[in-house]
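Trainee: Could you take me on a close look at the place where the ligand sits? I would like to hear what surrounds the ligand and what the space there is lined with.

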Amino acid sequence: MLRIVVCVSGGGTNLQAVMDGIEQGAIRDVQIVRVISNNRNAYALERAAKAGIEGVCVSPRDYDDREKFNEAFLAAVKEAEPDLIVLAGFLVVIPPQLIRNYENRIINIHPSLIPSFCGTGYYGLKVHEAALARGVKVTGATVHFVDEGTDTGPIIMQKAVAVQEGDTPESLQRRVMEEAEWIILPRSIELIAEGRVTVADGHVRIEEPA
Ligand code: GRF
């Protein structure tokens with residue numbers, strides 16, 4: 001059983017996609033053992049509660065400085081004893097020590113085709129605003145391992161989504177979520193749970209099914 005901790009900050013639609021995948025049997029041998037949010041009002045925590053999954057809020061606002069927050073966040077993750085940490089709309093910088101402790105065991109969903117529209121300052125709607133401003137015809141989402149950079153870790157899976165005439169950042173965000181994020185995040189977790197994902201020289205290889 002792969003134990004996963006999911007870190008969230010907002011609506012939790014990606015968390016919901018993973019919970020649904022487990023519920024429907026598309027993702028086997030995976031258990032979400034804890035949901036951690038930096039935002040006590042995150043609807044994602046409601047989603048976790050409704051599913052009977054323990055939700056914990058660790059907010060930087062509750063700590064005097066970043067160091068103390070990092071310690072509390074590290075403890076909240078470690079206590080759950082995860083095999084994999086999933087960042088699903090999580091807007092807090094991950095403490096470097098956590099990345100070192102969980103090398104290639106932290107994954108993130110980003111709402112663009114990395115290396116486009118990613119890195120510092122590119123999150124949520126801003127990503128889609130930039131894609132529309134640039135006039136790209138295709139965007140999408142990426143699941144990648146988290147390393148010490150921002151959106152720079154080895155890419156596990158990507159899925160393209162066509163930009164449509166008249167798209168707004170909101171309509172594009174919704175379609176990228178529906179047609180890409182909610183598909184490739186659960187699928188990536190399933191592949192990891194099946195032991196089919198390996199990393200070599202910064203590149204991900206997905207083994208054929210046994
Ligand atoms: C999504 O666009 C996701 O790609 C980004 O955060 C947004 C909110 O996701 N990382 P969620 O609804 O909280 O899962």
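Mentor: Here is a walk through the ligand site, from the space itself to the contacts, with a few other spots at the end.

Happy to help, and please keep in mind that this is a predicted model. The ligand sits in the largest pocket, which holds about 870 Å³ of space. In total, 37 residues line this pocket, and those that lie nearest its centre are F90, L91, N108, Y123 and D151. If you want to trace the lining by secondary structure, look at α1 (13-23), α4 (96-101), β5 (106-110) and α6 (169-193), since each of them supplies at least two residues. The chemistry of the lining is mixed: 18 of its residues are polar, 15 are nonpolar and four are charged.

Now let us move in to the ligand itself. Around the ligand you will find G10, G11, G12, T13, N14, G89, I109, P111, Q173, M177 and E181. Sorted by class, this shell has seven polar residues, three nonpolar ones and one charged residue. Glycine is counted among the polar residues here, a point to remember as you look at G10, G11, G12 and G89 in the shell.

Three polar contacts are worth finding on your screen. The side chain of T13 has an N or O atom 2.6 Å from an oxygen atom of the ligand. From E181, a polar side-chain atom lies 2.7 Å from a ligand oxygen. With G11 the backbone takes part: one of its polar backbone atoms is 3.4 Å from an oxygen atom of the ligand. As for how well the ligand is covered, on its own it has 370 Å² of accessible area, and the protein covers 88% of that. Two elements, α1 and α6, give two or more residues to the shell around the ligand. The largest share comes from α6, with three residues.

For contrast, have a look at the second largest pocket, with about 160 Å³ of space. Its lining is made of N38, N39, R40, N41, S59, P60, R61 and D62. By class, that gives four polar residues, three charged ones and one nonpolar residue.

Finally, two backbone details belong to loops that run to or from β5. In the loop between α4 and β5 you will meet N104, which has a positive phi of about 55° although it is not a glycine. On the other side, the loop between β5 and α5 (125-134) holds P115. The peptide bond from I114 to P115 is cis, with omega near 15°. As you go back to the ligand site, recall that β5 is also one of the elements supplying at least two residues to the lining of the largest pocket.

Terms used:
Residues numbered from 1 in each chain as written. Predicted model: local features only at pLDDT ≥ 70, side-chain atom pairs only at ≥ 80, totals over all residues. Heavy atoms only, no water. 1 Å grid on protein atoms, 1.4 Å probe; cavity = no way out; pocket = protein on both sides within 12 Å on 5 of 7 lines; lining within 4 Å. Points joined across faces, edges and corners; volume = space filled by probe spheres on them. Helix = DSSP H or I, 4+ residues; strand = E, 2+ residues; numbered from the N terminus. Near = heavy atom within 4 Å. Polar contact = N/O pair within 3.5 Å; in protein donor to acceptor, adjacent residues only side chain to side chain. Areas by Shrake-Rupley, 256 points an atom, 1.4 Å probe, with all protein chains shown as cover. Sits in = over half its atoms within 2 Å of the grid points.
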